[in-house]
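Here is a short briefing to read alongside the model. Take a look at the structure first, and then walk through the notes below.

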Amino acid sequence: MGTLTGALPLPAFGSRVTVKTRVDYQNSQEGALVRRAQSGDEAAFREIVEHYQSKVFSIIHGIVRQRNDVEDIAQQVFAKVYFSLRNFDFRSSLITWIYKITVNECFDYLRKKKVRKLVYESDLSEDEVRRVENTEPSVDRTTPADESLARHDYVLKLLARVSEEERNLLMLKEVEGHSVEELAEMTGMNENTIKVKLFRARQKLVKAAQRLDRAPGMVAG
Amino acid sequence: MHQVILDRLEQHLSGSPCSREFTAHLESCEECRAEVQQMKELSGVLFTLRAPEALTPSAGFYAQVARRVEAERPRSLWSFVWLEPAFGKRVAFASLMTLAILGSYLITRETEYSAGPPRPEVIMAQQSPADNPDMILATLASYEP
């Protein structure tokens, strides 16, 4: 696997080159709202929050699965949106940009949570660790009994092994169900670039899965 | 992976029907078939990241966001002094102490200066006439009250 693809530095997808005109987000209704928020209009920022809060909650809930933490992470996401909005350059749609911030925030949360758990466990004896693991909710276990949770855990481990951009593209395609054409519009890249990036991301996932499957105690789902 | 598969890979993984050429190649090329199969499996697993149910944000969600924004807003030194009463009190106390020390130092200096140069009797007492009478005369002549 990957012998032929390895020799292709940048595969040319499709005999016909599909290059769509970039969507002019800056002059859209949403663009006007963003510009108002960028100039410090609190009402415009509030409109953005209220428009996208349900979507952000849904993305976080899908990745983190801890209902109690969803609202806290969502607050952090919108605080980041507030402070970075001045740097938003309209190269992509606002939701693509917010999606990226949300996914990064979730993975950051999971990474911090894992570090906290490791630090906590390093202070305990083996027996204590075993006892704590048995009393924690199944989501936090290394080998969850529930198959769906095990698969969820496995996917997060795989996605942690690709770049931020690849992770976002894969999630927008596979989790959100966007087509390549839609992704091109949303990100401001052309369709061929999207296809190349997705293909490379998938190759990395396959390799990561092979490594994880070789590791003991992993459930491929 | 061969070009014919690369061209239609995303379409195939999305479940859309692909060209006869694509299907025929996939049937004949074992390597492409295996790789596409692995990608298809992972594509299905990624779907587990969909939210199991819709969560509704609480009514006061925006207010919470606004509070967090305020809490994380970078502060100037002045706002820090005003918003942190304990720190402000310490700064005020330190300023008052500095003023008091500086004030008492200046007052002491002022007292010393107002005392003026030593009186002739003092000079005469300090310098014995036997030592140098001309010096005493010169000092007294140049004395300005």
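Let's begin with a word of caution: over residues 136-141 of chain A, pLDDT (the predictor's confidence in each residue, from 0 to 100) stays under 50. For that stretch the model has 10 contacts beyond four places in sequence, a contact being two residues whose C-beta atoms, placed from the backbone, lie within 7 Å. This is a predicted model, in which local features need pLDDT of at least 70 and side-chain atom pairs count only at pLDDT 80 or more, while totals for chains, interfaces and linings use all residues. Residues are numbered from 1 along each chain as its sequence is written, and chains are lettered from A and ligands numbered from 1 in the order in which they are written.

**Confidence**
- Chain A averages a pLDDT of 81, and 73% of its residues score at least 70.
- Over residues 1-21 of chain A the pLDDT is below 50, and this stretch has 28 contacts beyond near neighbours in sequence.
- Where pLDDT is low, the predicted coordinates should not be read in detail.

**Fold of chain A**
- Chain A has 10 helices and 0 strands, taken as DSSP runs numbered from the N terminus (helices: H or I, at least four residues; strands: E, at least two).
- Of the 221 residues in chain A, 31% are buried, that is, with 20 or more other C-beta atoms within 10 Å of their own, C-beta atoms being placed from the backbone.

**Nonpolar cores**
- The largest nonpolar core (buried Ala, Val, Leu, Ile, Met, Phe, Trp, Tyr and Cys residues joined through C-beta atoms within 7 Å) has 49 residues.
- Its largest share, 10 residues, comes from helix H3 (residues 42-64) of chain A.
- A:Phe78, among the residues with the most contacts inside this core, touches A:Val49 and B:Val65, leaving aside neighbours within four places in sequence.

**Where chains A and B meet**
- In total, 43 residues of chain A are in contact with 33 residues of chain B.
- On the chain B side, H3(B) gives the most, with 9 residues.
- Helix H10 (residues 191-214) of chain A packs against helix H3 (residues 30-46) of chain B at about 85 degrees, with axes 10 Å apart; axes are lines fitted to C-alpha atoms, for helices over the stretch in contact, and angles run from 0 to 180 degrees between N-to-C directions.
- That angle makes H10(A) roughly perpendicular to H3(B), a label for 65 to 115 degrees.
- A:Arg202, A:Leu205, A:Val206 and A:Ala209 in H10(A) meet B:Gln38, B:Met39 and B:Leu42 in H3(B).

Key: Buried ≥ 20, exposed ≤ 12 C-beta atoms within 10 Å, placed from the backbone. Parallel < 35°, antiparallel > 145°, perpendicular 65-115°, else oblique.
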